[in-house]
Protein chains: 8
Amino acid sequence: MSSDIDITRAIFESYSQRFLQSVSMDVAVVGAGPSGLTAARYLAAAGKKVCVFERKLSPGGGMWGGGMSFPVIVVQEAGREILEEVGVRCRQHGPYHVADSIEATAKIIAGAVDAGATIFNAVTVEDVMASQGKICGIVVNWTGVLAAGMHVDPLSLEARAVVDGTGHPSEICRIVERKLGLQTPTGRVEGEKCMWADEGERLTIENTMEVYPGLYTTGMASNAVMGSPRMGPIFGGMLQSGKKVADLILEKL
Amino acid sequence: MSSDIDITRAIFESYSQRFLQSVSMDVAVVGAGPSGLTAARYLAAAGKKVCVFERKLSPGGGMWGGGMSFPVIVVQEAGREILEEVGVRCRQHGPYHVADSIEATAKIIAGAVDAGATIFNAVTVEDVMASQGKICGIVVNWTGVLAAGMHVDPLSLEARAVVDGTGHPSEICRIVERKLGLQTPTGRVEGEKCMWADEGERLTIENTMEVYPGLYTTGMASNAVMGSPRMGPIFGGMLQSGKKVADLILEKL
Amino acid sequence: MSSDIDITRAIFESYSQRFLQSVSMDVAVVGAGPSGLTAARYLAAAGKKVCVFERKLSPGGGMWGGGMSFPVIVVQEAGREILEEVGVRCRQHGPYHVADSIEATAKIIAGAVDAGATIFNAVTVEDVMASQGKICGIVVNWTGVLAAGMHVDPLSLEARAVVDGTGHPSEICRIVERKLGLQTPTGRVEGEKCMWADEGERLTIENTMEVYPGLYTTGMASNAVMGSPRMGPIFGGMLQSGKKVADLILEKL
Amino acid sequence: MSSDIDITRAIFESYSQRFLQSVSMDVAVVGAGPSGLTAARYLAAAGKKVCVFERKLSPGGGMWGGGMSFPVIVVQEAGREILEEVGVRCRQHGPYHVADSIEATAKIIAGAVDAGATIFNAVTVEDVMASQGKICGIVVNWTGVLAAGMHVDPLSLEARAVVDGTGHPSEICRIVERKLGLQTPTGRVEGEKCMWADEGERLTIENTMEVYPGLYTTGMASNAVMGSPRMGPIFGGMLQSGKKVADLILEKL
Amino acid sequence: MSSDIDITRAIFESYSQRFLQSVSMDVAVVGAGPSGLTAARYLAAAGKKVCVFERKLSPGGGMWGGGMSFPVIVVQEAGREILEEVGVRCRQHGPYHVADSIEATAKIIAGAVDAGATIFNAVTVEDVMASQGKICGIVVNWTGVLAAGMHVDPLSLEARAVVDGTGHPSEICRIVERKLGLQTPTGRVEGEKCMWADEGERLTIENTMEVYPGLYTTGMASNAVMGSPRMGPIFGGMLQSGKKVADLILEKL
Amino acid sequence: MSSDIDITRAIFESYSQRFLQSVSMDVAVVGAGPSGLTAARYLAAAGKKVCVFERKLSPGGGMWGGGMSFPVIVVQEAGREILEEVGVRCRQHGPYHVADSIEATAKIIAGAVDAGATIFNAVTVEDVMASQGKICGIVVNWTGVLAAGMHVDPLSLEARAVVDGTGHPSEICRIVERKLGLQTPTGRVEGEKCMWADEGERLTIENTMEVYPGLYTTGMASNAVMGSPRMGPIFGGMLQSGKKVADLILEKL
Amino acid sequence: MSSDIDITRAIFESYSQRFLQSVSMDVAVVGAGPSGLTAARYLAAAGKKVCVFERKLSPGGGMWGGGMSFPVIVVQEAGREILEEVGVRCRQHGPYHVADSIEATAKIIAGAVDAGATIFNAVTVEDVMASQGKICGIVVNWTGVLAAGMHVDPLSLEARAVVDGTGHPSEICRIVERKLGLQTPTGRVEGEKCMWADEGERLTIENTMEVYPGLYTTGMASNAVMGSPRMGPIFGGMLQSGKKVADLILEKL
Amino acid sequence: MSSDIDITRAIFESYSQRFLQSVSMDVAVVGAGPSGLTAARYLAAAGKKVCVFERKLSPGGGMWGGGMSFPVIVVQEAGREILEEVGVRCRQHGPYHVADSIEATAKIIAGAVDAGATIFNAVTVEDVMASQGKICGIVVNWTGVLAAGMHVDPLSLEARAVVDGTGHPSEICRIVERKLGLQTPTGRVEGEKCMWADEGERLTIENTMEVYPGLYTTGMASNAVMGSPRMGPIFGGMLQSGKKVADLILEKL
């Protein structure tokens with residue numbers, strides 16, 4: 001049966017090496033939705049060491065289901081360009097472009113990996129590390145351990161920048177709001193406002209920013225923090241927000 | 001707010017067109033795991049109209065989590081070739097090749113879509129259509145409707161061949177076993193046997209077959225029906241089984 | 001098996017046509033209880049394009065169960081007239097009229113449909129659309145998708161007026177309260193007060209009003225917003241409230 | 001506050017009278033789906049004392065949701081006639097007729113009540129009464145009592161005939177199968193077979209029969225007992241089965 | 001089978017008569033714990049029409065389980081006398097008297113019934129009736145209907161006085177606090193304080209009072225409203241509180 | 001605070017003494033329903049050391065809820081006499097006598113305790129002790145420990161006779177059926193048959209017997225073991241069965 | 001079978017004696033994690049009567065799982081010494097010492113017991129006793145009783161000092177905060193701050209203090225009360241905090 | 001913040017080394033109850049490489065709770081000797097010895113670790129490896145992954161012998177029974193019989209054996225496989241069974 005344990009060794013040794021390399025990274029992206037993955041792709045392409053942490057087993061976030069689980073998404077012109085960079089085929093539909101939501105999600109994931117980002121799935125970020133007024137890392141645990149209600153301590157990983165790509169719940173911003181206070185005008189997570197696609201798309205890009213030293217928002221988390229409208233299954237703003245947060249971080253690091 | 005409903009129209013019209021085109025297809029693959037997606041890729045590449053039906057929101061099946069949620073998979077030589085066809089990067093590790101499980105899963109999904117297969121997610125196949133001793137279609141419902149315990153009738157879709165790619169549960173074969181009887185030596189789903197990677201890999205290819213007129217098994221469902229060993233996170237046999245079932249169907253249709 | 005997929009086609013094409021016609025409507029009624037359905041009946045009879053959105057599979061709201069699940073309801077004179085418009089048989093009982101709660105519910109549903117309203121069931125309204133200080137649509141998703149905890153984006157539908165007929169929870173008003181603020185004296189959902197049938201009946205009609213530009217309340221939602229008494233299984237006030245909200249909207253549109 | 005308790009008295013006295021009148025009846029129909037309600041309508045129209053017992057709060061069974069929760073149903077010619085008897089508007093669609101599933105359900109309920117049937121909702125039939133080789137009544141409890149897991153005895157109601165209209169689960173037949181044995185060729189509930197609309201429609205009428213002295217099946221329960229195909233969202237056969245069971249019973253009583 | 005439905009008739013007619021007699025009563029006691037049942041016993045013995053409403057199937061509240069489910073309770077001298085009035089045997093133990101908690105509970109229930117009180121079990125009081133600044137009745141529903149999540153309206157019953165005997169949750173007081181405001185010094189339910197048996201016993205009697213016109217507290221609900229210590233499995237104070245609330249009400253009615 | 005721990009001491013010492021006295025008893029009755037409690041009353045009155053073990057916190061079994069949670073029960077003449085022995089007031093109703101189900105349950109409990117039986121509540125009997133072909137005790141655990149899913153061993157208590165008074169589930173008989181085989185004609189628990197009050201009442205007395213050396217059935221457990229009809233809310237047969245099992249055991253011990 | 005009940009007697013008598021001895025104690029430690037157990041060890045070694053109360057069946061708290069369920073823990077020099085006192089083997093790893101988390105947990109438990117502390121498991125502390133401005137005991141119940149939702153009163157145990165060793169939830173401090181107010185600068189439980197191992201370790205010792213007369217915190221509960229950083233799987237600070245709280249109490253008692 | 005990630009590195013590197021050393025072992029013990037841990041202690045002391053796999057976070061199995069969660073256990077003379085080998089203090093009680101169940105459990109765990117066994121907690125053994133008629137390893141997964149319902153493949157570990165120490169469920173034997181057939185007289189898991197302490201203790205030692213080449217049972221799993229009586233909270237037989245299985249394996253390896 002030696003081949004069975006050769007498989008075990010191959011998997012564990014590969015993982016072990018990858019985990020130890022990720023104990024200290026340039027950027028930790030929390031949440032593997034379209035904006036987080038896009039941010040990771042641009043950051044990795046620029047040579048940064050980037051890891052993405054996803055609570056679920058499958059990355060992709062809310063993009064797989066399209067709108068109302070009809071697996072189709074919509075983008076505007078700027079979004080179409082970003083989709084095409086990872087090989088997604090878009091079709092014109094009135095003033096918009098539509099794409100298969102499954103194709104788009106799979107290729108955004110593949111694009112981030114191809115650019116050099118590492119994705120850890122089935123891992124929950126349950127806290128951040130902070131010292132001297134700056135976020136300097138994340139605190140992770142197995143999602144399964146939490147699901148089973150097991151009382152187990154997490155582990156810390158160091159990061160020079162952390163991106164909250166958790167969407168509407170803006171989980172990391174909420175942790176920082178409660179424990180440290182955000183450095184936004186109100187200092188609080190305002191919550192997303194009523195649906196308004198155009199306005200939401202425009203603002204998600206504008207709202208993409210550093211909300212506490214070392215902590216950035218992207219995608220719908222940006223709008224949730226700043227109290228801007230939600231968007232529904234139009235994803236161009238989210239992709240552009242991912243690109244913008246990459247730019248903001250590259251200026252700093 | 002007209003842009004918001006333009007998005008709604010774009011999504012629903014695209015879906016509507018896709019759904020109506022899929023009411024009658026050549027091959028229905030049930031379960032979007034690695035073997036089902038690989039079968040779909042080869043069949044679509046050969047010009048067949050193929051749809052894949054996945055119960056969950058995200059395709060990929062049990063491949064995202066690698067082994068024990070360490071996101072790494074292992075393949076042998078033949079499997080490596082199939083992975084490389086969709087652009088997955090493999091690294092030698094002792095007698096095996098290892099790959100990032102997330103990269104592999106995303107690219108197998110993208111590969112099937114690029115070849116022309118249509119994936120329907122969040123849809124459960126709850127029965128098959130049968131008439132005159134042949135499986136001739138599938139019966140589908142929204143996974144969410146079933147999760148909510150709503151009493152709602154399903155809809156039927158016609159297919160000239162149906163592939164059971166649901167893995168260990170071999171759900172479609174169990175339906176046929178109960179309602180019609182399988183045309184295997186024992187007529188029953190035997191259940192997978194103890195783990196034995198090499199033997200399991202060899203047999204999953206051998207066991208890939210037509211188990212009732214119009215119904216084929218692939219991947220771990222093949223071993224579950226025939227009572228062969230399970231394999232763990234080595235995926236070469238599954239990919240080869242997907243290729244084989246495509247060949248078997250192409251001979252028939 | 002062609003007949004099976006003819007059935008599929010007939011159902012999907014009919015639905016598709018109905019859905020696309022409903023992407024933009026005059027009035028969206030949220031909640032298919034007695035007041036919402038009555039409002040829909042009068043509005044449709046007046047030539048407006050009205051759709052009713054019900055979270056559950058079966059419309060009818062809290063009327064099926066009568067009082068304490070004894071399937072009988074009570075109305076006063078004005079309510080009796082509205083019930084008789086849809087063919088419900090009432091019997092005098094002391095100062096009141098009683099009717100079979102099941103007959104009444106079924107006929108109120110049928111009455112709305114006969115008048116031309118479209119009912120969408122198994123659909124949850126999870127948000128509204130707002131722009132420039134006016135509610136201009138609703139945001140919907142499958143109830144099953146939400147029940148299954150699937151992360152899926154909703155779709156938007158345009159409406160010139162929205163009616164909150166969700167009863168005590170006054171769900172739409174609570175969304176607007178949180179995101180925009182209501183334009184009632186306190187700006188808040190006050191919650192229903194203690195049971196007092198006569199007073200509650202009188203006030204539910206008085207409280208039926210526009211609470212934010214484009215958003216109207218009807219039935220028990222009106223009392224919940226304004227902090228008036230609840231009523232129990234006497235339904236005349238609710239039916240009159242449905243009639244009143246129809247009148248209010250017809251004046252505006 | 002006297003009006004509040006006048007309402008209570010009006011409801012309880014009406015119910016009390018109705019309950020005591022129903023302690024002994026001609027026909028007890030279990031399950032308020034389309035076939036059971038149709039049977040109840042014809043039986044009541046023929047002057048029989050008929051009660052329908054529904055476990056849920058809302059009657060209508062699996063008809064509200066159409067196919068896959070697209071609220072549209074399909075019937076053939078014979079079914080169209082039965083629908084039109086209760087005022088449902090049908091539209092031709094290829095070889096079939098389509099109708100709004102919500103309109104159809106509401107009107108089938110209203111039709112049964114108008115004909116004189118009494119519907120008890122929120123009541124579960126948990127057993128039958130049997131003596132001297134004949135089913136002679138049903139044993140009922142509140143659905144809520146059972147849902148709460150309360151240990152409470154049921155009450156008995158006498159009926160000269162009992163109709164199992166519970167659909168696929170064929171609950172009453174399963175009770176009799178276990179406790180007394182059915183008087184069908186195999187004596188067992190065979191379970192429905194794979195979907196085949198035409199064949200299923202034809203057989204559901206043929207399978208409508210007396211399966212034990214005093215116990216009749218209708219609709220999908222007939223096919224489940226006899227091991228015939230299921231049908232999906234085509235309802236003509238079910239409506240005709242409801243009509244047939246009424247005829248069978250009228251011959252006997 | 002006529003005997004079976006004679007049983008049904010006997011039960012329903014007895015209940016029906018009892019229910020209709022209880023539509024209007026002198027005192028409604030909410031919660032069948034030791035203080036509520038004792039209050040009911042003294043009130044009924046004084047000739048008042050008293051009903052006790054218990055959410056669970058079995059009356060008795062928290063007394064069955066003694067302390068830490070060791071079925072023994074403790075009383076002081078004054079409590080012993082009240083227990084002996086209903087025939088409970090007490091044994092001296094140091095400064096206290098102990099009794100079998102099961103004997104005590106059963107006999108307190110029997111004592112209330114023997115004195116003429118009517119107990120309704122499996123019924124939840126979900127609201128009160130109020131008009132002109134006075135509580136004038138209760139609003140009830142089946143506990144099972146609520147457990148099943150069924151949307152069903154409650155019924156109203158008239159009472160000249162209402163006693164909150166629901167213990168720590170002080171459910172009725174919380175409803176009145178939220179909807180009307182209590183007429184205690186703070187106007188709020190303060191919540192019970194830390195355990196201190198002697199102090200708690202003394203105060204529960206002192207705190208027994210009218211907290212809103214027509215609404216009285218008894219037993220642990222009194223301490224919860226006024227923010228006094230809890231007591232644990234010593235029941236003398238609760239019994240004396242039940243006696244006191246009866247006296248207070250008898251003075252008023 | 002010394003009084004608080006005096007209460008603790010009083011309760012624990014009383015319980016401790018009672019528990020140690022019950023480590024070995026004459027008769028263990030499992031299930032505190034009407035038949036088990038009646039058996040316990042007669043056995044204790046005859047001088048036997050009897051303990052009753054009840055899984056729930058409140059004894060009384062299925063009697064509290066009357067029929068369909070209308071709190072009324074029915075008995076025939078023989079049952080009336082047994083009820084009156086414990087002071088329950090019965091009223092004639094046609095051929096039957098009716099009683100308040102709550103009064104009856106409380107007084108049957110009190111009657112057993114007054115006669116000298118000890119009731120342990122919140123305790124589950126999870127097994128029996130057997131040696132040399134005879135049941136010689138029971139194996140108990142806290143119900144709460146089992147509800148919490150804690151892995152904790154039970155304790156054994158010795159009894160010269162064990163009575164299965166668990167009603168329809170006939171839990172103790174099922175344990176013995178599985179582990180040792182019953183000594184009834186079929187050796188199996190047959191399960192109760194359809195409702196037939198008269199026949200069920202007659203047979204429950206006839207079926208009351210020793211089903212394995214040292215193990216007796218009473219009440220509905222007797223009918224469940226022997227495959228006789230169930231009875232509903234008529235309790236005379238159960239009470240007579242309790243009396244009969246006491247007689248059978250007194251002959252043996 | 002006499003041996004079976006000899007086992008029952010042996011267990012119950014041993015427990016009974018231990019329980020009665022623990023009705024009044026010097027120190028009650030709530031929560032059997034590493035800091036609580038260490039405090040208990042030093043206190044018992046100094047001759048105090050100490051009991052530890054653990055909600056779960058197994059003591060050890062969050063130490064069994066190491067970090068992220070990799071069963072390894074880390075300590076600094078001072079922690080190493082405390083671990084070695086109970087025989088745990090540590091290995092140098094960079095600036096730290098690592099130990100097997102399972103070995104460490106088992107030996108910390110054994111160490112406390114060997115020193116003379118009594119551990120009660122499966123027991124929940126649901127309140128404290130307070131009189132005259134001082135915590136003077138705890139109020140306990142079976143965890144299983146609470147898990148089963150049974151309504152059962154707790155029992156009181158007297159203690160001259162109470163230690164809150166419940167970790168992050170700081171359950172005892174939260175009870176006192178709500179009912180009495182803490183005597184810390186803010187009077188409130190602040191909640192733990194972001195992870196920072198060094199700072200957290202230093203502060204947990206500093207924060208170990210008397211927060212209300214008679215109530216002390218230890219370990220992570222100290223940081224949670226004072227709003228200091230959390231630590232993750234480094235346990236030296238917790239062990240030192242346990243030692244410190246023992247010293248503080250020894251000074252007082 | 002470098003110290004935080006030094007802790008992460010220290011933990012992961014220690015674990016990684018331990019995991020890779022355990023990929024191939026002499027003996028895999030499944031279940032960390034008293035018999036499995038005792039077997040592991042003797043085997044490790046004899047120089048074998050032994051790993052114990054425990055599904056829960058805390059080892060110890062059913063011993064922590066003593067009898068009925070009174071934390072005391074009982075042993076006979078032979079058991080006392082084994083307990084004293086690991087330092088547990090026993091006290092004579094009639095014919096038996098009693099010990100604190102918490103002390104005993106902690107010291108049995110510590111004893112196994114001190115002897116050189118490695119314990120993996122929070123890991124579930126979900127299958128075995130088998131080839132050529134011999135069990136040759138185990139197949140493991142994270143318990144948390146399974147609890148979360150994540151679809152993730154397990155990993156294989158090689159072992160020359162496997163011990164089923166899972167107690168009554170005898171999980172490993174049930175897997176082998178289903179997939180390969182046991183090599184016991186009946187080939188099936190018989191299930192434990194009624195409680196009989198002496199007989200159970202004697203037989204658990206006798207039943208400790210090799211049930212399939214490479215698979216041994218110990219403790220209560222032995223009695224469950226062979227259909228012998230269960231024992232309750234007397235642990236001597238289990239400890240002796242652990243010792244015996246170690247001897248049997250040492251003879252073979």
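This report walks through chain pairs, two small sheets and one helix pair in a predicted model.

**How the copies are arranged**

Let's start with chains A and B. A turn of 180° with a shift of 0.0 Å along the axis lays chain B on chain A, and the RMSD is 0.0 Å. The C-alpha of B:Ala106 is the one in chain B nearest that axis, at 2.4 Å. Chains F and G repeat this kind of relation: chain F goes onto chain G by a turn of 180° and a shift of 0.0 Å along the axis, with an RMSD of 0.0 Å. These two copies are thus related as by a two-fold rotation axis. Within chain F, the residue that comes closest to the axis is F:Gly144, whose C-alpha lies at 2.0 Å.

The table puts the two pairs side by side.

| Pair | Turn | Shift along the axis | RMSD | C-alpha nearest the axis |
|---|---|---|---|---|
| Chain B on chain A | 180° | 0.0 Å | 0.0 Å | B:Ala106, 2.4 Å |
| Chain F on chain G | 180° | 0.0 Å | 0.0 Å | F:Gly144, 2.0 Å |

**Where chains meet, and where they do not**

How many residues of chain B are in contact with chain A? There are 49, and they face 49 residues of chain A. About 4,500 Å² is buried between chain B and chain A, with carbon and sulfur atoms giving 69% of that area. Three residues stand out on the chain B side: B:Ile7, B:Ile11 and B:Phe70 supply 13% of the area that chain B buries against chain A, more than any other three residues. Since 100% of the interface residues of chain B are also interface residues in chain A, the copies meet through the same surface. For chains F and G, 100% of the contact residues of chain F recur in chain G, so to speak one surface serving both copies.

Other pairs stay apart. Chain A and chain F have no contact, and their closest C-alpha atoms lie 14 Å apart. Chain B and chain F do not touch either, with 26 Å between their nearest C-alpha atoms.

**Small sheets in chains C and D**

In chain D, three strands make an open sheet with antiparallel pairing, in the order β3-β5-β4. Strands β3 (72–75) and β4 (91–93) of chain D are at the edges with a single partner strand each, so one side of each has no neighbour in the sheet. From one strand to the next, the twist averages 40°. Strands β4(D) and β5 (residues 96–100) of chain D run antiparallel and are joined by three bridges, and D:Gln92 stands opposite D:His97 in β5(D). Helix α3 (residues 77–85) of chain D packs on this sheet, touching β3 and β5 of chain D, and its direction makes about 120° with that of β3(D).

Chain C also has an open, antiparallel sheet of three strands in the order β3-β5-β4. Its edge strands, β3 (72–75) and β4 (91–93) of chain C, each pair on one side only. Here β3(C) and β5 (residues 96–100) of chain C pair in the antiparallel sense over four bridges, with C:Ile73 opposite C:Ala99 in β5(C).

**A helix pair in chain E**

Helices α7 (residues 197–207) and α9 (residues 236–252) of chain E pack at an angle of about 10°, with their axes 8 Å apart. The two helices α7(E) and α9(E) are therefore roughly parallel to each other. Residues making the contact include E:Glu201 and E:Ile205 of α7(E), and E:Met238 and E:Lys244 of α9(E). By class, this contact has two nonpolar, five polar and three charged residues.

Terms used: Residues numbered from 1 in each chain as written. Chains lettered and ligands numbered in written order. Predicted model: local features only at pLDDT ≥ 70, side-chain atom pairs only at ≥ 80, totals over all residues. Heavy atoms only, no water. Axes fitted to C-alpha atoms, helices over the stretch in contact; angles between N-to-C directions. Parallel < 35°, antiparallel > 145°, perpendicular 65-115°, else oblique. Contact = heavy atoms within 4.5 Å. Nonpolar A, V, L, I, M, F, W, Y, C, P; charged D, E, K, R; others polar. Pairing = 2+ DSSP bridges. Least-squares fit on C-alpha atoms with pLDDT ≥ 70 in both. Buried area = accessible area lost by both parts, 1.4 Å probe.
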